[in-house]
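Biologist: Before we begin, could you put the model on the screen so that we can go through it slowly?

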Amino acid sequence: MPRPEERGVPSNWGRWGDEDQRGTANLLSDDGVLAASKLIGKGKVYSLAAPLSPDGPNLPTRRPTWHVVTQRQRASGGDDMSADDVVMMHTHGTTHIDALCHIFVGDTLYNGHPAHSLTPYGAQKCGVDNVGPIVGRGILLDMATFRDRQRLESGLPITPHDLDACAE
């Protein structure tokens, strides 16, 4: 299989060595985290989580998220009880990070790793577990205010052009 740049596709293949499985996450560094921390102007925290519910964000071709809570008496007896969550969902139906094995061409993953390294039990190469901590500078774009709304309607698309215009 030709390398992406040989097909006219921009690529970081080989930039961090032939065995790399982190991609541009390699650009995150201790110095970058320290520099980003000096840019903090407010100590406000925003959740980036998506709702875990049947009507949460999901592609129409995927089943809705299923979430129940079970309760049971603990083995110690008496009034001791416990609760557990049971969740069945498509991982693209909630907040997530795509691994470098998520999209591939033919039998080749990012950086030339073999697609047969994907198994029903996980990715032996280019899995999200290889990314490591993601800490750096972030920019919050308020798309609702940008569009002069209190909140955005469910399912309203946000395009790269929208993001660029809001950032500007």
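**Pockets and a salt bridge**

Biologist: What volume does the second largest pocket have?

Modeller: This is a predicted model, in which local features need pLDDT of at least 70 and side-chain atom pairs count only at pLDDT 80 or more, whereas totals for chains, interfaces and linings use all residues. Residues are numbered from 1 along each chain as its sequence is written, and side-chain values use heavy atoms, leaving out hydrogens and water. A pocket is an open set of points on a 1 Å grid over the protein atoms alone, where a 1.4 Å probe fits, with protein on both sides within 12 Å along at least five of seven lines. With volume taken as the space filled by probe spheres set on the points, which are joined across faces, edges and corners, the second largest pocket comes to about 830 Å³.

Biologist: Which residues lie closest to the centre of the second largest pocket?

Modeller: A lining residue has an atom within 4 Å of a point. Of the 19 residues that line the second largest pocket, the closest to its centre are Gly 136, Arg 137, Gly 138, Ile 139 and Leu 140.

Biologist: Which residue forms a salt bridge with Arg 147, and is that residue buried or exposed?

Modeller: A salt bridge is a side-chain nitrogen of Lys or Arg within 4 Å of a carboxyl oxygen of Asp or Glu, and here the N to O distance is 2.6 Å, with Asp 162 as the partner of Arg 147. Buried means under 20% relative accessible area, exposed over 50%, and partly exposed in between (1.4 Å probe, protein chains only). At 16% relative accessibility, Asp 162 is therefore buried.
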